[in-house]
Amino acid sequence: MTEVLALEGVSVRRGGNDILRDVSWSVSDQDRWVILGPNGAGKTTLMSIVAGRMHPTGGRATVLDLTLGEEDIRELRVRVGLSSSALADRIPPRETVKNVVMTAAHGVTGRWNEQYEGLDVDRADALLWAFGMAGFADREYATLSEGERKRVQVARALMTDPELLLLDEPAAGLDLGGREELLGALTELAGDWRSPAIVMVTHHVEEIPVGFTHVMLMNEGGIVAAGPIETTLTADALTRTYGMPVVLGSEGGRYTARRG
């Protein structure tokens, strides 16, 4: 396996506060990671660093063999696929669904004067089909349900055939049906050996797709536990992460959690 991400003692300090503290972590090309933790744990800051949109104030971060702060990392925009609420907020509401996906090829969120090749059109069509959105290609983005938008956002993140896929709370705000549709698509993605390495942030163990291989638990900017999901995601680790007794259940590769 090839290492796609390596963090060594990474810290982020803002206004005298430690947002991340001494985070060391590595991801290989066939890994599917989920990051769990309460609000303020540092999850979104960590994703911003991995996406090359923020530099650490301490330590060393290398993404796809490019070291942040030492090399030109502009190429990470096409080598790293990102789906996040901040990015979604910049999508023009009247843009067509196909254009929302296709514009990722140029690293923009709204179509302007870019030139696209037939391969770009075919790639966007194939991704929309894969996520069950082929029949929505000509619809305006604003007319979609929240679940449909989430699937389009993930399809967009895959448009450039990235080497690393980052999903920041992809199921946030979805009802049960929308969540299960999205998790079904992510389960298929996780099980495909052609898929890139995946890192997904969520607040809920119920949102972990089947097929994810590793988990990181975070609190107060640091790592509580990290490793293979079958041995690392435990009631004890969740209790330490959330600061309350947690009962963990699992069935068929899916998880549930409640206060103990």
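How many cavities of 30 Å³ or more does a search of the whole structure find? The search finds two, and the views below, all taken from a predicted model, visit the largest of them along with a pocket and two helices.

**View 1. Helix α7 and its buried side.** Let's start with α7, which covers residues 176-191. At 1.5 Å a residue, these 16 residues should span 22 Å, and the end C-alpha atoms are indeed 22 Å apart, so the two values agree. Look for the buried residues Gly178, Arg179, Leu182, Leu183, Ala185, Leu186, Leu189 and Ala190. They cover an arc of only 160° around the axis, which means that they sit on the same side of α7. Here is a handy rule: an α-helix has 3.6 residues a turn, so residues three or four places apart point the same way. On the face turned away from the buried side, you can find the exposed residues Leu176, Glu188 and Gly191.

**View 2. The surroundings and the cap of α7.** What do the buried residues of α7 pack against? Their partners are the strands β3 (32-36), β7 (164-168), β8 (197-202) and β12 (254-259), together with helix α6 (146-157). At the N-terminal end of α7, Asp175 acts as a cap, with a side-chain oxygen 3.3 Å from the backbone nitrogen of Gly177.

**View 3. Helix α6, mostly covered.** In α6, 10 of the 12 residues are buried, among them Gly147, Glu148, Val152, Val154 and Ala157. Charged names appear in this buried set too, including Lys150, Arg151 and Arg156. The buried residues of α6 pack against β6 (80-83), α3 (85-88), α4 (97-102), α5 (118-130), β7 and α7. At 1.5 Å a residue, α6 should span 16 Å; its end C-alpha atoms are 17 Å apart, which agrees.

**View 4. The largest pocket.** This pocket has a volume of about 440 Å³. Of the 15 residues that line it, Leu127, Ala130, Leu189, Asp192 and Ser195 lie nearest the centre. The elements that give two or more residues to this lining are α5 and α7. Which element provides the largest share of the lining? That is α5, with five residues.

**View 5. The largest cavity.** About 200 Å³ of space lies inside this cavity. It is lined by 15 residues, and those nearest its centre are Arg53, Arg77, Leu87, Ala104 and Arg156. Both β6 and α6 supply at least two residues of the lining, and the largest share, three residues, comes from β6.

Conventions
Residues numbered from 1 in each chain as written. Predicted model: local features only at pLDDT ≥ 70, side-chain atom pairs only at ≥ 80, totals over all residues. Heavy atoms only, no water. Helix = DSSP H or I, 4+ residues; strand = E, 2+ residues; numbered from the N terminus. Expected span 1.5 Å × (residues − 1). Buried < 20%, exposed > 50% of the residue type's maximum accessible area, 1.4 Å probe, protein only. Arc of directions from axis to C-beta. Contact = heavy atoms within 4.5 Å. Polar contact = N/O pair within 3.5 Å; in protein donor to acceptor, adjacent residues only side chain to side chain. 1 Å grid on protein atoms, 1.4 Å probe; cavity = no way out; pocket = protein on both sides within 12 Å on 5 of 7 lines; lining within 4 Å. Points joined across faces, edges and corners; volume = space filled by probe spheres on them.
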